[in-house]
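Work through these exercises with the model open beside you. Try each task before you read its solution.

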Amino acid sequence: MDYKNAGVDIEAGYKSVELMKEHIKQTMRPEVLTNIGGFSGAFSMEKFKEMEKPTLVSGTDGVGTKLKLAFILDKHDTVGIDCVAMCVNDIACAGGEPLFFLDYIACGKNVPEKIATIVSGVAEGCKQSDAALIGGETAEMPGFYPEDEYDLAGFAVGVVDEKDLITGKELKDGDVLIGIASSGVHSNGFSLVRKVFKMDKDTLDTYHEELGTTLGEALIAPTKIYVKALRGIKESGVKIKGCSHITGGGFYENIPRMLCDGVRAVVEKDSYPVPPIFRMLAREGEIAEEMMYNTYNMGLGMIVAVDKDDVEKTVAAIKAAGEDAYVVGHIEAGEKGVTLC
């Protein structure tokens, strides 16, 4: 008896690392001091000494049950983008600049080519956010996961000068809310999605005129990464007063997280186009509108609050970063919370 007979193929692990190296090297930053394959990743903080009070910000998350969709479609090159996005968007939401990322893949059977494909998506997400992929772990766990399934999670670290942290403390009556478009469902609410739509290949491969794609393509579209858009706003000279990453819990849970006491967010539902996948989901699942806004991003993956005099510059900066932006509401005095009208 040996480890391979027990279901863990060490040689496959070595091959996975070799195959993923070509993707990882595309994410490198000059601050990275170590090579892939070591016991840890080292990242120099030398260039951040110019900050008054350099402050580390971190984020960790996974892809969730959206992975079930990847298994059915046998498409594994985009879920890594989702994993990175869920972490770096949170960091950017605090005003931070992502520095590096580490991933964790647990699988029932290590198929090196599949693992490398997953990591290619992680690397793409890192490139989109200018983060270095400096390490990770692939754990082969036979008997814990089915052979053709895996889980994917990650961890990111960023930096911000303490004075540039986005805290919401300066929000006031009259500030304006600007939404940045999502690519669709992103990576939240898939347990409900899987209850609404039949999860088989025929259903997912069916083309829908209202979507302009197959159902599977619409659902597996990777999460938008907003790092460059938020950086562009900052570089335009605009101060972001509040920022909300619209993830699980939708509008009702996430928007209040960016508010200080004494102010309320008012969002106008007809101020931007809601992607057709959400209309189809609500219709087919007979999901009440309030529940949709309490679960999904409904077409806005990030919402920022700025001074009313900075609206034009903010929208221009977001569009310059290649994203769509909409003025979607305002801040008013009142009990902390959100009103959708």
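Contact here means heavy atoms within 4.5 Å. Keep in mind that this is a predicted model.

**Exercise 1. Helices on the sheet**

Task: Find which strands helix 3 lies across, and give its angle to strand 8. Then do the strands for helix 8, with its angle to strand 10.

Solution.
Step 1. Locate helix 3 at residues 79–93. Its contacts place it across strand 8 and strand 10 (300–306).
Step 2. Read the angle: helix 3 runs at about 170° to strand 8. Angles run from 0 to 180 degrees between N-to-C directions, so the chain direction counts.
Step 3. Move to helix 8, residues 227–235. Helix 8 lies across strand 5 (176–181), strand 8 and strand 10. Its angle to strand 10 is about 15°.

**Exercise 2. The order of the strands**

Task: Write down the strand order of the open sheet and name its edge strands.

Solution.
Step 1. Six strands make up the open sheet, and the order is 8-10-5-11-9-12. The pairing is mixed.
Step 2. Look for strands that pair on one side only: these are strand 8 (242–245) and strand 12 (337–340), the edge strands.
Step 3. Add the twist, which averages 25° from one strand to the next.

**Exercise 3. Strand 9 and its partners**

Task: In what sense does strand 9 pair with strand 12, and in what sense with strand 11? Is strand 9 largely enclosed or open?

Solution.
Step 1. Recall that strands of a sheet pair through backbone hydrogen bonds, either parallel or antiparallel.
Step 2. Strand 9 covers residues 263–267, and its pairing with strand 12 is parallel, over four bridges. Alanine 265 has valine 338 as its bridge partner in strand 12. Valine 267 has leucine 340.
Step 3. With strand 11 (residues 325–333), strand 9 pairs in the antiparallel sense over five bridges. Here valine 266 stands opposite histidine 330.
Step 4. Strand 9 is largely enclosed by the rest of the structure, because four of its five residues are buried.

**Exercise 4. An aromatic pair**

Task: How are the rings of phenylalanine 71 and tyrosine 150 arranged, and why?

Solution.
Step 1. The whole structure holds six aromatic pairs. In the pair of phenylalanine 71 and tyrosine 150, the ring centres are 5.0 Å apart and the planes stand at 75°.
Step 2. Planes over 60 degrees apart count as edge-to-face. The pair is therefore edge-to-face.
Step 3. Place the residues: phenylalanine 71 sits in helix 2 (residues 66–73) and tyrosine 150 in strand 4 (residues 150–161), 79 residues apart. The pair thus links distant parts of the chain.
Step 4. Check burial against the cut-off of under 20% relative accessible area. Phenylalanine 71 is buried at 18%, and tyrosine 150 is buried at 4%.

Key: Residues are numbered from 1 along each chain as its sequence is written. This is a predicted model: local features need pLDDT of at least 70, side-chain atom pairs count only at pLDDT 80 or more; totals for chains, interfaces and linings use all residues. Side-chain values use heavy atoms; hydrogens and water are left out. Two strands pair if DSSP finds at least two bridges between them. Helices (H or I, at least four residues) and strands (E, at least two) are DSSP runs, numbered from the N terminus. Rings of Phe, Tyr and Trp (its six-membered ring) pair if their centres lie within 6.5 Å; planes under 30 degrees apart count as stacked, over 60 as edge-to-face and the rest as tilted. Buried means under 20% relative accessible area, exposed over 50%, partly exposed in between (1.4 Å probe, protein chains only).
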